Amino acid sequence: GEVLKNLNKFYKRKEIQRLGAENGLDARLFHQAFISFRKYIMESSSVSADLHIILNDICCGFVLLGHVDDLFPFFLRHAKQIFPMLDCMDDLRKISDLRLPPNWYPDARAIQRKIIFHAGPTNSGKTYHAIQRFLSAKSGIYCGPLKLLAHEIFQKSNDANVPCDLVTGEERVYANEDARHAPHVACTIEMCSTNTPYEVAVIDEIQMIRDPARGWAWTRALLGLCAEEIHICGEPAAIDLVTELMYTTGEEVEVRNYKRLTPLTVLDYALESLDNLRPGDCIVCFNKNDIYSVSRQIEARGLECAVIYGSLPPGTKLEQAKKFNDPDDPCKILVATDAIGMGLNLCIRRIIFNSIVKPTVNEKGEKEIDAITTSQALQIAGRAGRFGSSFKQGEVTTMHRDDLAQLKEILSEAVPPVKAAGLHPTPEQIEMFAYHLPDATLSNLIDIFVSLSQVDGMYFVCNIDDFKFLADMIQHIPLNLRSRYVFCTAPLNRKEPFVCTTLLKFARQFSRNEPVTFDWLCRHTKWPLAAPKNIKELVHLEAVHDVFDLYLWLSYRFMDMFPDAVLVRDIQKKLDDIIQIGVCNITKLIRASQSAAAPGTAEVVSEDFPLSRTKKDARVAAAPTEALSIAVEAAGLRRAKNLRPPRPGSRQEDLKSYGRGSLANRLLREGLLTQEMLRQLESEWQDQHRNGRYGFGSKRDDQHYSKETGKKRK
């Protein structure tokens, strides 16, 4: 008892905590080291003799001989055994010092670059003017956030007789038949070269420099591109940060402001019913299940609709966009996610927000339902009334009357200024860390790097959760550090089990020095594949397309080990055609999925949140009909009895009063229930009970919106 009491006294001493910090133990490491040290003393039968004597003197109260502070050298020795980096902390701190990113690019610092910022909203012509300068230059590079955008500039450039190459993570297309590099290149921003000199560089969507996962790529391009002129395109919210960053490189920024080329009107009325749809309408949903539900309801009214969402292959997105844009095609309605925010040219008359809340994952990895930001709302709404399209002005509204006031409020707010630019540890920095800490796993190396890294106020270290997830997944496979790092930067969605499993198999083959051949890949993916018969099969085909993308991405980094890129690209194009057939018949697939499921239920395929694997969530998922019916019935009873009358515009208060404990709200938070499903179930419940079971005689409203569940979660 005395030993434990004195150890806890040692832990709480401010002087000891200060000494720990001086030796590299921040609060978290200090706590972990102490827990381990205490366990060692209390449970070990072989405590060293000198430590035993000190403990004895302290516990016996020999003030002149022993004080709890005397434990510190033993504590520090123990801490260094469990945290080896404490011995080389100064070296590690130097390696992870990220305070002067401009110095990482000596080639760019050796020239005086002219920086021109083209600032304006969507559909203002800002990118057009930058691209005109790109096309007139002797050499140039375009850096965009999406493959679709890079492909568009590649096409536009070559159509204008300006030879231009295409470089993305998965693809290299040369303008010259002999594969000589053309003087112009269009690339996804992660692929830009910071060593090649150009006359003009274009960096598109600069506001993405704040992106928690990808922001580092914009920072790298902005600071590192070797071009005489850098043309930056994006939101005015990024002007101040870009100006500050360029001040540190000694470069001035010329700002050119643009206004929207066509008027955009926020309507004073909501759509309220799909019966009110008109040609050129685009309904924006933030969930794949809502896409399925809305598209089926539209086609039930005898209307054709195109469908676009994030996980569709680029070719399918382009085909759906072409179908919607074609004046001779009977398809006049588009149902899409926010994937339409950039990268596709669409002839939209009116944007209709099906919801103004979006499922997100917060910094702690928790699922949340949150209102869309002003930046997101403007980016999506701005797609209506594109300059040069058949619609000379754009309109925007909501599906539900309750959402319209809040949408107007969101759109009227100023976009908050971009505060900081993303950074990411380089392979060289991680290799230097590994030299000092040879026994640490890559995931631990990254953790230590981030915890020790120092950045100034204009920068932040990007989220490395995906990197760590892959590092942990392939940790048991013997790979050299550089190869392991490359595998961990592979662009994949970790919510797709089939794609993650495939990466694991790729890494295992690679570690055995066995090439991943076309035949091996066909066996693994069961190619050839048939057209999908239901939604589940369509989702699987999308995952197989991602597997082919992964193979192509690795083939450019390890050509000998992934040798069949040409063959894989051919079958990927065939797969794209098969997926297009599935998307064109999406309502048939939805019907097939629903008839295969229990009566009255819809098959849930959530793009945003996969079903949890915990026992508790498995119980909820096991009986979706019952759980959702109870949730809807509770909501309906609450409304019908008028126990808590809703107040217009009080979205957040309503949710608070509904309570975190309610089943409907919990299912929403856990991603097992979408708002569209809740509305449908509520409508079905009202139909069932309107016939007299509870005696409620309210007027039917198919588009009724559940105030309790559609609010921003605090």
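This is a short tour of the structure above, a predicted model, with suggestions for what to select at each stop.

**The whole chain**

Begin with everything shown as a cartoon. The protein chain has 714 residues, and 52% of them are buried. Its secondary structure comes to 29 helices and 18 strands. If you draw the contacts between residues with a separation of 6 or more, 75% of them join residues 24 or more positions apart.

**Stop 1: helix 3**

Select residues 27–43, which form helix 3. With 17 residues at 1.5 Å a residue, this helix should span 24 Å, and its end C-alpha atoms are indeed 24 Å apart, so expectation and model agree. Now show the side chains of Leu 29, Phe 30, Ala 33, Phe 34, Phe 37 and Ile 41, the buried residues of the helix. Turn the view until you look down the helix axis: these buried residues fall within an arc of 130 degrees, so they line one face of helix 3.

What do these residues pack against? Add residues 2–12, 14–22, 49–59 and 72–82 to your selection, and you have the partners: helix 1, helix 2, helix 4 and helix 5. Then swing round to the face turned away from the buried side, where you will find Lys 39 and Glu 43 exposed.

**Stop 2: the second largest pocket**

For the next stop, select Thr 122, Asn 123, Ser 124, Thr 127 and Arg 383; of the 41 residues that line the second largest pocket, these lie nearest its centre. The pocket holds about 960 Å³ of space.

Which element gives the largest share of the lining? Colour helix 8, residues 126–136, since this helix contributes six residues, the largest share. Helix 9 (147–159), strand 9 and helix 14 (374–381) are also worth colouring, as each supplies at least two lining residues. Coloured by class, the lining shows 18 nonpolar, 14 polar and nine charged residues.

**Stop 3: two glutamates with positive phi**

Strand 9, residues 264–266, leads into the loop that holds Glu 272, with strand 10 (281–284) on the other side. Glu 272 is not a glycine, yet its phi is positive, at about 70 degrees. Its relative accessibility is 28%, so Glu 272 counts as partly exposed.

Now jump to Glu 205, in the loop between strand 6 (197–203) and helix 10 (215–224). Phi of Glu 205 is positive too, near 55 degrees. Is Glu 205 buried or exposed? The relative accessible area of Glu 205 is 11%, and the cut-off for buried is under 20%, so Glu 205 is buried.

**Stop 4: Gln 320 and Val 583**

Select Gln 320 in helix 13, residues 314–325. This glutamine is buried, with a relative accessible area of 2%. Beyond its sequence neighbours within four places, Gln 320 contacts Ala 306, Val 307, Ile 308, Val 583 and Cys 584.

Follow the contact to Val 583, which sits in helix 23 (residues 565–584). Val 583 is buried as well, at 3% relative accessible area. Show its contacts outside the four-place neighbourhood: Val 307, Leu 312, Thr 316, Gln 320 and Leu 538. For a distance label, try Val 583 to Lys 317: 266 residues separate them in sequence, while their C-alpha atoms are 9.8 Å apart.

**Stop 5: Tyr 551 and a cis proline**

Move on to Tyr 551 in helix 22. At 0% relative accessibility, Tyr 551 counts as buried. Leaving out residues up to four places away in sequence, Tyr 551 touches a list of residues that includes Phe 506, Val 516, Leu 521, Phe 562, Pro 563 and Val 568. Ala 565 is another one of its contacts; the two C-alpha atoms are separated by 7.5 Å, with the residues 14 apart along the chain.

Next, select Pro 528, in the loop between helix 21 (518–525) and helix 22 (535–555). The peptide bond from Trp 527 to Pro 528 is cis, with omega near 5 degrees.

**Last stop: helix 15**

Finish with residues 401–412, the 12 residues of helix 15. At 1.5 Å a residue the expected span is 16 Å, and the end C-alpha atoms are 18 Å apart, which agrees. The buried residues to show here are Asp 403, Leu 404, Gln 406, Leu 407, Ile 410 and Leu 411.

Key
Residues are numbered from 1 along each chain as its sequence is written. This is a predicted model: local features need pLDDT of at least 70, side-chain atom pairs count only at pLDDT 80 or more; totals for chains, interfaces and linings use all residues. Side-chain values use heavy atoms; hydrogens and water are left out. Helices (H or I, at least four residues) and strands (E, at least two) are DSSP runs, numbered from the N terminus. The expected span of a helix is 1.5 Å times one less than its number of residues. Buried means under 20% relative accessible area, exposed over 50%, partly exposed in between (1.4 Å probe, protein chains only). The arc is that of the directions from the helix axis to the C-beta atoms. Contact means heavy atoms within 4.5 Å. On a 1 Å grid over the protein atoms alone, a cavity is a set of points where a 1.4 Å probe fits but cannot get out, and a pocket is an open set with protein on both sides within 12 Å along at least five of seven lines; lining residues have an atom within 4 Å of a point. Grid points are joined across faces, edges and corners, and a volume is the space filled by probe spheres set on the points. Ala, Val, Leu, Ile, Met, Phe, Trp, Tyr, Cys and Pro count as nonpolar, Asp, Glu, Lys and Arg as charged, and the others, Gly among them, as polar.
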